[in-house]
Amino acid sequence: MTRRRRAETPRRKGRVWDLVRAGLALGIVLGVAPTGTLASFKVSTVLNPAGFVSGALDLRLRDAATTVGPGGSFAHADLAPTGLLPGESLAVLVPVRNDGTAPFTWTTTATATGGLASVLKFSTYVGGTATNATSGLDIRTGSCTGTASTTNRTLSGTATTVVSAQPALAADGSVNVCVLLLLPSTATGAADATAAITYTFSATQQVNP
């Protein structure tokens with residue numbers, strides 16, 4: 001009997017260990033089971049619209065090929081005639097274009113500097129055309145049509161308004177400005193004198209179009 005019990009003892013220990021090991025394994029499984037507090041999936045979405053874009057003001061002179069845009073300048077050769085004689089006049093057409101996306105109102109100021117500035121006369125017309133002709137004596141004569149904004153104005157180095165605030169110009173719209181430059185026949189003592197002429201066009205976005 002003693003030998004039999006001794007022989008059975010290792011088996012029992014082995015079975016007990018197997019049961020304990022099984023219980024430990026079961027405990028591990030139970031340990032990760034839900035205990036009343038549940039996790040939940042979370043997701044978030046970010047609203048990230050494209051940036052707001054404001055309207056663009058782009059007052060361009062003459063045509064789309066010029067480099068004049070916001071803050072640019074354009075040297076119009078016709079406003080720098082050579083060999084002008086007393087009694088001659090010259091008409092210069094300047095289309096004002098709205099190449100931006102917003103309507104704008106606009107104004108024009110002008111200056112003239114140099115020894116010839118004090119005798120030159122300027123007239124500015126809106127919405128017309130420019131015509132130039134040469135007589136048989138090679139005397140140049142210019143004329144403008146449209147609405148006269150200023151006539152026979154003498155300019156100086158101080159900016160003078162030559163076109164007051166105009167109605168709003170729509171995007172892709174244009175309007176002609178005609179500048180008439182005259183050297184009076186009385187300016188006989190102005191030989192070999194020069195002048196530099198600047199016309200500045202300023203645009204302001206239309207409010208509540």
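Where does Asp-78 lie?

## Asp-78 and its surroundings

Asp-78 belongs to the loop between S1 and S2. The structure discussed here is a predicted model. With a relative accessible area of 42%, Asp-78 is classed as partly exposed.

Apart from neighbours within four places in sequence, the residues in contact with Asp-78 are Leu-90 and Val-92. The separation of Asp-78 from Leu-93 can be given in two ways: 15 residues along the sequence, and 9.0 Å in space between the C-alpha atoms.

## Confidence and overall make-up

The mean pLDDT of the protein is 76, and 67% of its residues reach 70 or more. In residues 13-34 the pLDDT falls below 50, and this stretch has 0 contacts in the model beyond near neighbours in sequence. Residues 36-46 also have a pLDDT below 50, again with 0 contacts beyond near neighbours in sequence. Where pLDDT is low, the predicted coordinates should not be read in detail.

The secondary structure consists of 1 helix and 10 strands. Read from the N terminus, the order of elements is α-β-β-β-β-β-β-β-β-β-β. Of the 209 residues in the protein, 28% are buried. Taking contacts between residues at least 6 apart in sequence, 81% join residues that are at least 24 apart.

## The sheet S8-S3-S10

An open sheet is built from 3 strands in the order S8-S3-S10, and the pairing is antiparallel. Strand S8 (160-163) and strand S10 (196-205) are the edge strands, each pairing on one side only. Direction ignored, neighbouring strands in this sheet are turned by 35° against each other on average.

How many bridges support the pairing of S3 with S10? Strand S3 (residues 104-113) pairs with S10 over 10 bridges, in the antiparallel sense. Within S10, Thr-200 is the residue opposite Thr-109, and Tyr-199 is the residue opposite Ala-110. On the side of S8, S3 is joined by 3 bridges, with the two strands running antiparallel. There, Thr-108 stands opposite Val-163 of S8.

## Salt bridges

A search of the whole structure gives 2 salt bridges. Side chains of opposite charge can pair when their charged atoms come close. One of the pairs is Glu-88 with Arg-140, where the closest N and O atoms are 3.1 Å apart. Glu-88 sits in the loop between strand S1 (59-61) and strand S2 (89-98), while Arg-140 is in strand S6 (residues 140-144), so this salt bridge ties together parts that are 52 residues apart in sequence.

Is Glu-88 buried or exposed? Glu-88 counts as buried, because its relative accessibility is 1% and the cut-off for a buried residue is under 20%. Its partner Arg-140, at 24% relative accessibility, counts as partly exposed.

The salt bridge between Asp-99 and Arg-97 has an N to O distance of 3.2 Å. Asp-99 is partly exposed at 27% relative accessibility. Arg-97 is likewise partly exposed, with a relative accessible area of 22%.

## The disulfide

Which cysteines are joined by a disulfide? The count for the structure is 1 disulfide, and the link joins Cys-144 to Cys-178 with an S to S distance of 1.9 Å. The angle about the S-S bond is -65°, and the link of Cys-144 and Cys-178 is left-handed. Cys-144 lies in strand S6 and Cys-178 in strand S9 (residues 174-182), so the pair ties together parts that are 34 residues apart in sequence. Cys-144 and Cys-178 are both buried.

Strand S6 thus appears in two of the links described here: Arg-140, the salt-bridge partner of Glu-88, lies in S6, and Cys-144 of the disulfide lies in S6 as well.

Technical notes
Residues numbered from 1 in each chain as written. Predicted model: local features only at pLDDT ≥ 70, side-chain atom pairs only at ≥ 80, totals over all residues. Heavy atoms only, no water. Salt bridge = Lys/Arg side-chain N within 4 Å of Asp/Glu carboxyl O. Helix = DSSP H or I, 4+ residues; strand = E, 2+ residues; numbered from the N terminus. Buried < 20%, exposed > 50% of the residue type's maximum accessible area, 1.4 Å probe, protein only. Contact = heavy atoms within 4.5 Å. Pairing = 2+ DSSP bridges. Axes fitted to C-alpha atoms, helices over the stretch in contact; angles between N-to-C directions. Disulfide = S-S within 2.5 Å. pLDDT = per-residue confidence, 0-100.
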